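Me: I've got this one open at the bench and would like a close look at the pocket. Could you walk me through what lines it, and then the charged pairs to click on next?

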Amino acid sequence: MKRKLFSMTLVLIFLILISTVTSAEQFTKIGSGSEPAIDDGKVTWTNNGVIHFYDLTTKKETAVNSSAASHPAISGDKLVWLDESSGVTRLTVYDISTTSKTYITQDVDKSSIPAIYGSRIVWSANSYVYMHDISTSTQTKIADGNNPDIYANMISFDSYSTEDTPQIYVYDITTKKVIDVSQYGDNMFSHTYGDKVIWSDFYNRLGNIRMYDITTGQQTEVTTGNDKTGYDTGGSTDMNGNKIVYLKHKNLANIDSGDLYTYDIDTGKSKQLTSGNTSQTPAISGNVIVWSDSGNIYMLK
């Protein structure tokens with residue numbers, strides 16, 4: 001009897017521990033839509049062409065007067081998105097505090113997916129990378145390339161400039177110097193934060209994730225695989241602080257969806273957060289992760 005009670009006690013303790021772990025990582029639905037982005041306690045996304053943003057402090061959701069909008073990005077109180085509501089494809093810049101809009105129409109096409117940091121916006125059009133400074137209303141063509149991202153004075157992008165396959169380059173806005181940080185592989189979709197750059201290398205199957213430290217010059221394989229398990233982590237990624245979020249694919253025909261993982265740069269370890277192969281477009285800021293799944297926007301903090 002004592003042995004039975006002891007076994008039941010162990011089971012009860014185990015269930016409590018499991019419940020605690022599960023409740024510590026409960027996902028919160030904060031809206032409906034897709035393509036979420038997050039910065040400084042605010043989340044933005046698009047739903048049927050309308051831009052929404054959500055304040056994590058006030059828990060208030062606001063719909064912005066917009067239509068035919070996609071690929072929103074956010075930095076502080078500034079939103080930017082690709083706008084196809086008129087006859088001219090343009091980027092819309094929206095100030096949350098003043099609710100005012102301005103537009104960028106020069107050198108913008110349907111493939112112009114914007115990224116923003118502070119007052120600087122980057123995007124690509126016709127295989128060129130451009131930067132627009134909102135504070136000075138100046139626009140600069142940076143380099144040949146696609147899929148740019150920006151953090152502080154660093155712009156990362158992929159380009160065929162000197163290779164048969166796309167490589168990842170980093171442009172220093174201050175020095176105007178460009179360095180090749182990938183050096184080999186079939187590399188696209190970079191993100192930059194601090195002195196680190198991540199990207200997807202599609203040389204094998206559907207990609208693995210690599211990271212380059214600009215300060216040390218060291219490259220790290222964030223995800224690895226082999227001919228059996230594959231390198232199927234070449235979809236959406238994001239990085240903030242010492243954390244990387246990414247998708248791992250089980251359906252090799254679809255790199256847009258997968259199970260959501262985090263990678264700790266300090267420990268070199270990954271952790272699975274979702275299952276079902278339906279998560280999309282993860283983004284991270286601080287300790288908050290957002291993503292879309294089946295038409296809903298979820299948050300984990």
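Reply: One bit of vocabulary before we go in: a strand here is a DSSP run of E, at least two residues long, and strands are numbered from the N terminus. Keep in mind, too, that this is a predicted model.

With that, let's go to the largest pocket, which has a volume of about 1,200 Å³. Its lining takes in 44 residues, and the ones closest to the pocket's centre are Ile113, Asp149, His191, Thr237 and Asp238. Now trace the strands that contribute. At least two lining residues come from each of strand 2 (34-39), strand 6 (69-75), strand 10 (115-117), strand 14 (146-151), strand 18 (187-193), strand 22 (237-240) and strand 26 (279-285). As for chemistry, the lining counts 21 nonpolar residues, 18 polar and 5 charged.

How far can you trust the picture? Mean pLDDT for the protein is 89, with 88% of the residues at 70 or more. Residues 2-24 are another story: pLDDT stays below 50 there, and the stretch has 0 contacts in the model beyond near neighbours in sequence. Where pLDDT is low, the predicted coordinates shouldn't be read in detail.

On to the charged pairs. There are 10 salt bridges in the structure. Start with Lys78 and Asp95, whose closest N and O atoms are 3.0 Å apart. That pair links distant parts of the chain, since Lys78 belongs to strand 7 (residues 78-83) and Asp95 to strand 8 (residues 90-95), 17 residues apart. Asp95 counts as buried because its relative accessibility, 13%, is under the 20% cut-off. Lys78, at 25%, is partly exposed.

Next, click on Arg90 and Asp83, which meet in a salt bridge at 3.8 Å, N to O. Arg90 and Asp83 are each buried.

Then there's Glu84, which pairs with Lys110, the closest N and O atoms being 2.8 Å apart. Glu84 sits in the loop between strand 7 and strand 8, while Lys110 is in the loop between strand 9 (100-104) and strand 10, so this bridge ties together parts 26 residues apart in sequence. Strand 10 should ring a bell, as one of the strands that supply lining residues to the largest pocket. How do these two partners fare for exposure? Glu84 is partly exposed, with a relative accessible area of 31%. Lys110 reaches 60%, so it counts as exposed, the cut-off being over 50%.

To finish, have a look at Asp195, Lys196 and Asp213, which are linked in a network of salt bridges.

Definitions and conventions. Residues are numbered from 1 along each chain as its sequence is written. This is a predicted model: local features need pLDDT of at least 70, side-chain atom pairs count only at pLDDT 80 or more; totals for chains, interfaces and linings use all residues. Side-chain values use heavy atoms; hydrogens and water are left out. On a 1 Å grid over the protein atoms alone, a cavity is a set of points where a 1.4 Å probe fits but cannot get out, and a pocket is an open set with protein on both sides within 12 Å along at least five of seven lines; lining residues have an atom within 4 Å of a point. Grid points are joined across faces, edges and corners, and a volume is the space filled by probe spheres set on the points. Helices (H or I, at least four residues) and strands (E, at least two) are DSSP runs, numbered from the N terminus. Ala, Val, Leu, Ile, Met, Phe, Trp, Tyr, Cys and Pro count as nonpolar, Asp, Glu, Lys and Arg as charged, and the others, Gly among them, as polar. pLDDT is the predictor's confidence in each residue, from 0 to 100. Contact means heavy atoms within 4.5 Å. A salt bridge is a side-chain nitrogen of Lys or Arg within 4 Å of a carboxyl oxygen of Asp or Glu. Buried means under 20% relative accessible area, exposed over 50%, partly exposed in between (1.4 Å probe, protein chains only).
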